[in-house]
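Here's a quick tour of a protein fold for someone who'd rather be at the bench. Have a look at the structure first, then read on.

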Amino acid sequence: KAVVSSRVRGPSSSSYRTFRKLCLNPEMKPVCCLFFVTTLVPVLGELRIVSSRDGELGPPRCALICSGVSLYNSPWSPWTDGQRYDALQAYRWIDYKKCGFVSEPTVIATLNGDKCPSVYVQSGSREEVRRQHAKVFTVEEVPASTLVNRKCDVHWIATGYTCS
């Protein structure tokens, strides 16, 4: 026999405590970050971009947060060994073309997998490329094969405008 409770579950609920415990786990932080950003904005009903790289702000109604995951074994853009600033840095492209940005978005990325290194994002050299793709580089010297073996997926969030 099912028992129905009319009590509203708040921050003291067991599901909240479980979710909080998961988000405090370093391996789950990228997932929690994506969850909060993608669910909090629709709840609040407003996204406000207050500054941009080029200093140009678009109409508030056109602001968009778009997120995705580039899997470690994606054939579109595999992890590749590269030489940058006299160091071996693995890199790969991330694709946010489906977001429909009309100008270069602000992109943040993190890796999720087994002991994945830190990364940074660098935009492309042409405007069209910057609106659709960015390169993610490892900060530490890590060969591409290690990132594949550790199953390091790129979790990314892009914030920008879809109209001007």
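What follows is a short rundown of the disulfides, a sheet and the aromatic contacts.

Keep in mind that this is a predicted model. There are three disulfides in the structure, and one open sheet is built from three strands. On the aromatic side, the count is four pairs.

**Disulfides**

- A disulfide, as a reminder, is a covalent bond between the sulfur atoms of two cysteines.
- C62 is joined to C163, with the sulfurs 1.4 Å apart. This pair links distant parts of the chain, 101 residues apart: C62 sits in the loop between α2 (29–44) and β1 (63–70), while C163 is in the segment after β7 (153–161).
- The torsion about the S-S bond of C62 and C163 is about -40°, so this disulfide is left-handed. C62 has a relative accessible area of 1%, so this cysteine is buried.
- C66 is joined to C99, with an S to S distance of 2.0 Å. Here C66 belongs to strand β1 and C99 to the loop between β3 (87–95) and β4 (106–112), so distant parts of the chain, 33 residues apart, get linked.
- The C66 and C99 bond is left-handed because its S-S torsion is about -75°.
- Are C66 and C99 buried or exposed? C66 is buried at a relative accessible area of 16%, and C99 counts as buried too, at 9%. The cut-off for buried is under 20%.
- C116 is joined to C152, and the S to S distance is 2.1 Å. The S-S torsion is -100°, and the link is left-handed.
- C116 lies in the loop between β4 and β5 (119–123), and C152 in the loop between α4 (144–149) and β7, so this pair ties together parts that are 36 residues apart in sequence. C152 is buried, with a relative accessible area of 0%.

**The three-stranded sheet**

- What is the order of the strands in the open sheet? It runs β1-β7-β4, with antiparallel pairing.
- β1 and β4 stand at the edges with a single partner strand each, so one side of each has no neighbour in the sheet.
- On average, neighbouring strands of this sheet are turned by 15° against each other, direction ignored.
- β1 and β7 are antiparallel and pair over eight bridges. One pairing to look for is I65 with T159, which is its bridge partner in β7.
- β4 and β7 also run antiparallel, joined by seven bridges. Among the partners, T110 is matched with H155 of β7, and V107 with A158 of β7.
- How many residues of β7 are buried? Eight of its nine residues are, so β7 is largely enclosed by the rest of the structure.
- If you're scanning side chains along a strand, remember that in a regular strand they alternate between the two faces of the sheet.

**Aromatic pairs**

- The total comes to four aromatic pairs, including the tilted one between Y91 and F137, at 5.7 Å centre to centre with 40° between the planes.
- Y91 lies in strand β3 and F137 in strand β6 (residues 133–138), so their pair ties together parts that are 46 residues apart in sequence. F137 counts as buried, at 6% relative accessibility.
- Y96 and F101 make an edge-to-face pair, 6.1 Å centre to centre and with 70° between the planes.
- Both rings of that second pair belong to buried residues: Y96 has 2% relative accessibility, and F101 has a relative accessible area of 6%.
- Which residues form one aromatic cluster? They are Y91, Y120 and F137.

**Charges over rings**

- K135 lies over the face of Y91, 4.3 Å from the ring centre. Y91 is also one of the cluster residues, along with Y120 and F137.
- R92 puts its charged end over the ring of W79, at 5.4 Å from the centre of that ring.

Conventions
Residues numbered from 1 in each chain as written. Predicted model: local features only at pLDDT ≥ 70, side-chain atom pairs only at ≥ 80, totals over all residues. Heavy atoms only, no water. Disulfide = S-S within 2.5 Å. Helix = DSSP H or I, 4+ residues; strand = E, 2+ residues; numbered from the N terminus. Buried < 20%, exposed > 50% of the residue type's maximum accessible area, 1.4 Å probe, protein only. Pairing = 2+ DSSP bridges. Axes fitted to C-alpha atoms, helices over the stretch in contact; angles between N-to-C directions. Phe/Tyr/Trp six-rings, centres within 6.5 Å; stacked < 30°, edge-to-face > 60°. Lys NZ or Arg CZ within 6 Å of the ring centre and 35° of its normal.
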